[in-house]
Structures are given as C-alpha cells and as structure tokens.
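This report describes one protein chain, going from single residues to a cavity, a helix pair and the chain totals. Please read it alongside the sequence and the structure shown here.

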Amino acid sequence: MKRFWFVVGCVGTFMAVTILTALTVPREVGIAIDKVVQLLFAVAALLAYARQRNGWMTAAMTSLTVGLSAWIWGQQILGVQLPTTTIAPLGFTMVPVLCLAAVVVKAQQRRADDLLPNSRSRTVVVLDGLIVIGSLFVLTWVSALESLTRAWATEGPGFATVVAHPAAYLVLLVAIVVMSWTHQSVRQWPMLFVALAGIAQSSSGWVFAFYISKGITAIPATADIGFMLCPAFFFLSALAPVRNLEPTFGRMRMADLLHLLVPYLPLAITGLFVLWNTATGGRLNPVEIYVGLAVVCFVIVRQLLTMMDNIRLMDQLRISREQLRHEATHDPLTSVANRSLFRDRLDRALAVQDRSRPLILLFIDVDGFKAVNDNHGHAEGDFVLRNVAARLMHSVRPEDTVARLGGDEFGVLVDGGDADEIGARLLASLSHPHEVHGRIHHVHASIGVAQRFSYDPAVTADDVLGAADAAMYTAKRLGKGMVVVHGSPLPEMT
C-alpha cells in the first residue's frame with residue numbers, strides 16, 4: 001500500500017509539472033505536450049490492465065489509445081482542430097461504455113456482506129441508475145444541453161464528441177456510485193480512480209462542448225486539464241490495491257440510508273428545477289416531457305419492486321418468528337412439545353374453574369430403550385424415539401398435547417375421556433415392534449396416569465406430574481408394560 005501511494009505521489013507531481021508547463025509554453029507546444037502525455041499514460045494503463053488480464057478495462061484502454069492516436073494524428077499531423085472522422089470520437093465514447101461493463105462484471109464478484117443479493121434487488125439497482133441518469137439528463141437539458149446541441153452538430157462526429165462522450169462518463173459515474181453503495185467489490189480503490197478519471201474527462205468534455213457551442217475551435221489549454229488527468233487516473237486504477245476490509249456497522253447503516261434516498265433526491269432536485277423553470281415562463285419541450293415521464297415510470301416500477309420485496313421480507317420475518325417460537329417450545333428430535341410448553345399447557349388446564357370433564361395426564365417411560373442405544377448406537381435409538389412420538393401423536397386427538405419430558409420419558413395431556421381406555425390405547429400403540437435399517441427392536445412402555453376432576457387452587461402442575469410419575473414407577477415395579485392410574489386425592493398424591 002505504501003508503494004502505491006508513493007507511485008501516486010510521483011504521478012501527481014509529474015502531472016502538476018506537466019500541466020503547468022503546458023499552460024505556460026506557447027499553445028502549439030503545450031497541446032503537443034498535453035497529447036503526448038495523455039497517450040503515454042493511456043498506453044501504460046493498457047499494458048497494466050493487459051498484464052492483469054482484465055479484459056474489459058484492457059479493451060477500454062485500447063479504445064482510449066486509438067481515440068487519442070487518431071486525434072493526435074488529425075490535430076498535430078494534419079492540422080485539423082476538430083475531428084472529421086468517427087475514429088477519434090468513437091474511441092473516446094467507447095471508453096466509458098467498456099468501463100461500465102468492467103464495473104458490472106466487478107459487481108458480480110459478490111461477498112456475503114453485500115446488500116441486495118437477489119436478482120430483483122439488482123433490478124432495483126439498475127432502475128436507480130436509470131432514474132438518476134434520467135434526472136440528470138432532464139436537469140442538464142433544461143439548463144444547458146439543448147442549447148449546446150443546437151449550437152453545433154447534432155449527428156456524426158460532432159454529436160459524439162460534444163454530447164455522447166461526456167454524457168457516457170456521467171452514466172459511468174452514476175453506475176459506480178450506485179453499485180458502490182450495495183457492492184463491496186465495487187467499493188474499492190481501483191473503482192475510485194476510475195471514477196476520478198470519469199470526473200476529469202467529463203468535466204473537460206462539457207467545457208469543450210461549451211466552447212464549441214460558442215463557435216470557438218481553438219480550445220484553450222486550461223480546458224484540457226481534465227483530459228490530461230484522465231489517462232493518469234486510469235493508470236493509477238490499474239495499480240491500485242484491492243482492499244479486503246469487513247464493512248463496519250456504521251458503514252452498512254449509511255449504505256442503507258443512501259439506498260433509500262436513491263432515486264428520490266436527484267428526482268426531487270430535478271423536479272424543483274423544472275418547476276422553477278416553468279414558473280418563470282419557460283416551456284417544456286417534447287424531449288423533457290418524454291424523458292420526465294420515463295423517469296416517473298421508473299420510479300413507479302422501483303416502488304412496486306420495493307413494496308414486493310418488503311412484503312416478501314415481512315413474510316420471511318413472520319416465518320422466522322414462527323420457526324423460532326416453535327423451536328423454543330418443541331423438542332428438536334421428535335418435534336413434539338418440550339417440557340416447558342407441556343408445563344405451560346398443564347398450568348392453563350389446571351386453572352380452568354368450571355371443569356366438567358376430567359383432566360388426564362399420562363407419564364410414559366419407554367422400557368427397553370437403553371438396550372437399543374447401548375447395542376446399536378444413538379442413531380437407531382433416536383429413530384425409535386421419533387417412532388414413539390409419532391405413535392403417541394396418532395393415538396390422541398389434535399387438541400391433546402404430547403411432549404417429550406426428557407430422555408425416553410413422554411407426557412400426554414388429555415382433556416376429557418376415560419383414563420383406563422386412553423392408557424390401554426397408548427400402551428397398545430407402543431407395543432408394536434420398531435424396524436430400523438432392517439433390524440427389529442421390541443420396546444414397551446410403563447404408563448402412570450394422574451387425573452383431576454375439579455378445580456383446586458392448591459394443586460399445582462408439579463403435584464400432578466409427581467402423581468403421574470409415582471404411578472409410572474408403580475407400573476415398573478409391577479412388571480413393566482402396564483398402565484397404573486393414580487386416582488387418590490391430593491394427600492395421597494403428594
């Protein structure tokens with residue numbers, strides 16, 4: 001990095017001396033120095049980009065070299081001040097077009113921290129660029145561009161030199177600015193120097209157009225300062241290092257803010273300017289009207305796409321919240337309720353004061369599960385647990401709650417019904433063998449049942465769970481594979 005800034009200092013010093021020399025020596029000598037320096041830096045930039053195998057920028061520098069060579073040949077050798085062929089104007093105009101292609105390719109080198117990752121959002125970036133370009137066109141057309149194009153040529157080499165050439169650099173600048181807000185790969189030193197080259201070339205281009213509109217063909221040397229700096233900036237862009245910095249939180253927030261302001265800020269400025277122009281007696285011509293309508297249409301399309309993205313993001317947010325809520329209240333292995341959700345629903349069921357049906361809690365322990373885990377591994381044990389949970393879910397109503405309370409213990413909460421019948425049904429569903437990877441596993445269950453027939457504020461969820469747990473251990477002591485209903489009142493339950 002230090003070496004690069006040393007090169008920048010050397011180039012800057014050389015260009016300062018060259019510009020001062022070109023401004024102080026006789027005009028013919030100054031123009032010769034100006035054009036030779038431009039050509040030297042253009043060739044240097046061409047070689048640097050060719051060495052990097054950057055196809056688009058190499059093509060852009062080739063176009064710049066060809067345009068400068070044709071211009072120097074016509075001006076210095078043939079003595080023609082303005083172009084009479086399309087070679088030089090076409091070469092100059094193709095430079096920003098090819099650079100724009102390089103910027104677009106650069107933007108495809110995406111990073112995880114880039115904003116707007118999907119194709120619809122990239123369409124929004126394109127629309128932003130079109131809106132900004134259209135707004136600038138209307139602004140410059142109303143203020144000066146129309147008079148410039150009327151004052152000189154409107155087609156052929158003249159039009160390309162006066163209008164298309166600096167306007168194309170404006171398009172390039174807008175594209176770099178818009179894409180740099182959302183693409184880390186564009187927000188780099190090389191693109192900064194490309195943008196500086198565009199600013200320099202476009203500035204001198206509009207000054208050149210102004211003199212041409214006034215009928216001045218002997219352009220002053222000061223108007224060429226931007227032209228002189230442009231190839232030097234391109235050369236530095238080829239040497240500039242690529243940063244690999246992680247964006248800070250503040251930078252990302254600023255990028256979001258800028259993305260929100262585009263395209264409304266330039267559109268608002270242009271609208272105010274047109275409004276002032278018409279209020280002071282000016283009239284809109286068809287070009288201004290049609291381009292203005294096109295810009296408004298772009299804004300409408302942009303808003304529609306933004307609204308669609310907002311709706312999609314809100315839907316994704318809702319789905320994410322539901323998923324997080326589900327993960328917080330359900331067992332990740334079996335997808336049934338976890339202990340926390342089971343306790344919550346048990347608390348709410350015990351709080352019902354006008355109970356007309358019994359509240360039944362079944363505490364289930366899977367017998368023989370440890371042998372499956374020890375002999376065949378946890379993967380097969382997990383498969384058996386998922387089977388157990390699925391069978392329990394299919395054996396009760398959708399409004400009943402099945403939960404994994406931990407390990408191989410499950411709980412079922414049923415509002416209404418016969419405890420013996422429900423226990424027998426669950427026991428039967430769990431008695432069928434489980435087939436996993438061609439192996440048959442026989443597991444059974446011990447089920448303890450606790451019931452509440454009426455509301456009692458003194459009874460807590462822990463009391464009912466403790467009663468069902470005690471009944472389950474009784475079933476285990478009696479030989480496993482049994483259902484024991486704990487029907488004692490609270491003193492016996494505790």
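A461 is found in helix α16, which covers residues 461-477. The model is a predicted one. With a relative accessible area of 2%, A461 is buried; the cut-off for that class is under 20%. Leaving aside neighbours within four places in sequence, A461 is in contact with R343, L346, D347 and L350. For one of these, L350, the C-alpha atom is separated from that of A461 by 7.5 Å, although the two positions lie 111 residues apart along the chain.

A second residue, R355, sits in the loop between α12 (339-350) and β1 (359-367). R355 is an arginine counted as charged, and R355 is buried, with a relative accessible area of 14%. Not counting residues up to four places away in sequence, R355 touches A349, D415, R452, F453 and S454.

The table sets out the C-alpha distances for both residues.

| Residue pair | Separation in sequence | C-alpha distance |
|---|---|---|
| A461 and L350 | 111 residues | 7.5 Å |
| R355 and G416 | 61 residues | 9.8 Å |

**Cavities**

The count comes to two cavities of 30 Å³ or more. The second largest has a volume of about 50 Å³. Which residues line the second largest cavity? Its lining consists of A349, L350, V352, R355, R452, S454, Y455, D456 and V459. By class, this lining has five nonpolar, one polar and three charged residues. L350 and R355, both discussed above, are among the lining residues. Three other members of the lining, A349, R452 and S454, are also touched by R355.

**Helices α1 and α2**

Helix α1 (residues 2-24) and helix α2 (residues 27-52) pack with their axes 8 Å apart, at an angle of about 155°. Angles over 145 degrees count as roughly antiparallel, and α1 and α2 are therefore roughly antiparallel to each other. On the α1 side, the residues that meet α2 are V11, F14, M15, T18, T21 and A22. On the α2 side they are G30, I33, V37 and F41. The contact has seven nonpolar, three polar and no charged residues.

**The chain as a whole**

The secondary structure comes to 17 helices and seven strands. Of the 494 residues in the chain, 44% are buried; A461 and R355 belong to this buried class. Among contacts between residues at least 6 apart in sequence, 76% join residues at least 24 apart.

Conventions. Residues are numbered from 1 along each chain as its sequence is written. This is a predicted model: local features need pLDDT of at least 70, side-chain atom pairs count only at pLDDT 80 or more; totals for chains, interfaces and linings use all residues. Side-chain values use heavy atoms; hydrogens and water are left out. On a 1 Å grid over the protein atoms alone, a cavity is a set of points where a 1.4 Å probe fits but cannot get out, and a pocket is an open set with protein on both sides within 12 Å along at least five of seven lines; lining residues have an atom within 4 Å of a point. Grid points are joined across faces, edges and corners, and a volume is the space filled by probe spheres set on the points. Axes are lines fitted to C-alpha atoms, for helices over the stretch in contact, and angles run from 0 to 180 degrees between N-to-C directions. Helices (H or I, at least four residues) and strands (E, at least two) are DSSP runs, numbered from the N terminus. Angles under 35 degrees count as roughly parallel, over 145 as roughly antiparallel, 65 to 115 as roughly perpendicular and the rest as oblique. Contact means heavy atoms within 4.5 Å. Buried means under 20% relative accessible area, exposed over 50%, partly exposed in between (1.4 Å probe, protein chains only).
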